[in-house]
Amino acid sequence: EVADVILTAGLGALGGCSGAVCLLNDTKTELEIVRQTGLAADTETQFRRFPVSAPFPLSDAVHSGEAVFLENKAAVVARYPALASVNARATTEAWMAIPLVLDTETIGGLAFGFAHERSFTPEDRAFSLAIARQCAQALDRARLYDAEQRAREAAEQANRAKSEFLTTMSHELRTPLNAIDGYAELLELGIQGPLTPEQRTYVARIRRSQKHLLTLVNEVLSF
């Protein structure tokens with residue numbers, strides 16, 4: 001969604017006809033298109049993912065940290081001969097490729113294509129760099145938001161698992177302890193006949209031990 005807004009606003013402001021937002025993978029070795037508009041289907045497929053070391057304008061901009069401005073097709077082929085066949089089929093005449101830099105870290109690149117040859121003025125260049133800075137900041141905020149949402153979901157899932165564990169353990173541990181106390185009390189009451197003094201002593205010990213163990217179980221579950 002962030003990339004969509006960036007492309008729509010950027011192309012509208014600069015008068016471009018196509019564009020793409022690419023992000024580096026975790027190993028910083030490849031760029032992958034996360035959003036594009038106006039690219040031919042075969043071009044999008046060919047450049048869906050490509051190495052940072054590839055001889056392309058966007059990878060060059062990301063690798064060097066410097067924006068690349070190509071005013072016409074001749075400039076593209078002269079600087080990037082590997083793109084000759086793609087460039088011949090392209091409907092774009094000029095390109096700009098700008099690195100997405102967040103503080104000192106490059107996180108990807110932004111490319112805009114133009115239907116006609118274009119001489120990029122200092123104002124065009126400054127404006128495109130400003131768009132790239134805003135793009136990098138917006139993408140970083142989106143990443144932080146996603147990370148926070150994932151962390152919250154993981155915490156909620158862990159909390160649910162803990163609650164289920166406590167519920168189960170509470171029932172499985174307390175139920176037999178309560179039964180022990182109940183039957184010991186019945187014996188004390190003489191339900192099965194009178195008890196000798198020694199038997200009463202033993203039953204009292206059983207009940208004290210049961211209460212002590214139940215207290216420990218409650219403290220563990222509360223912790």
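How many strands form the open sheet, and in what order do they stand? In this predicted model, six strands are arranged as β3-β2-β1-β6-β5-β4, with antiparallel pairing. The edges of the sheet are β3 (49-51) and β4 (68-70), each of which pairs on one side only. On average, neighbouring strands are turned by 20° against each other, direction ignored. As a reminder, strands of a sheet pair through backbone hydrogen bonds, either parallel or antiparallel. At the β3 edge, strand β2 (residues 30-37) runs antiparallel to β3 and is joined to it by three bridges. Within this part of the sheet, L31 stands opposite F50 in β3.

Before going further, a word on confidence is helpful. The mean pLDDT of the protein is 90, and 100% of its residues reach 70 or more. Confidence is highest in β4, at a mean of 95, while the lowest mean, 82, belongs to helix α2 (residues 41-46). The β4 edge strand of the sheet is thus also where the confidence of the prediction is highest.

Two helices can be placed against the sheet. Helix α1 (residues 2-14) lies across β1 (18-24), β2, β5 (94-102) and β6 (105-114), and its direction makes an angle of about 45° with β6. Helix α3 (residues 57-64) lies across β1, β2, β3, β4, β5 and β6, running at about 30° to β5. The strands that α3 lies across include both edge strands, β3 and β4.

Helix α1 rewards a closer look. Its 13 residues reach 18 Å from the first C-alpha to the last, close to the 18 Å expected at 1.5 Å a residue. Which residues of α1 are buried? They are A3, I6, L7, G10, L11 and L14. These residues cover an arc of only 110° around the axis, which puts them on the same side of α1. The spacing fits a familiar rule: an α-helix has 3.6 residues a turn, so residues three or four places apart point the same way. The buried residues of α1 are covered by elements that include β1, β2, β5, β6 and α6 (122-188). On the other side of the helix, V5, T8 and G12 are exposed. After α1 comes G15, with a positive phi near 75°.

Positive phi values also turn up in two residues that are not glycine. For context, most residues other than glycine have a negative phi, and most peptide bonds are trans. K28, in the loop between β1 and β2, has a phi near 65°. D103 has a positive phi of about 60°, and its place is in the loop between β5 and β6. Are these two loop residues buried or exposed? K28 is partly exposed, with a relative accessible area of 40%, whereas D103 is exposed, at 74%.

Finally, helix α6 (122-188), one of the elements covering the buried residues of α1, also contains A147. With a relative accessibility of 34%, A147 counts as partly exposed. The C-alpha atoms of A147 and L166 are separated by 28 Å, and the two residues are 19 residues apart along the chain.

Methods:
Residues numbered from 1 in each chain as written. Predicted model: local features only at pLDDT ≥ 70, side-chain atom pairs only at ≥ 80, totals over all residues. Heavy atoms only, no water. Pairing = 2+ DSSP bridges. Helix = DSSP H or I, 4+ residues; strand = E, 2+ residues; numbered from the N terminus. Axes fitted to C-alpha atoms, helices over the stretch in contact; angles between N-to-C directions. Contact = heavy atoms within 4.5 Å. Expected span 1.5 Å × (residues − 1). Buried < 20%, exposed > 50% of the residue type's maximum accessible area, 1.4 Å probe, protein only. Arc of directions from axis to C-beta. pLDDT = per-residue confidence, 0-100.
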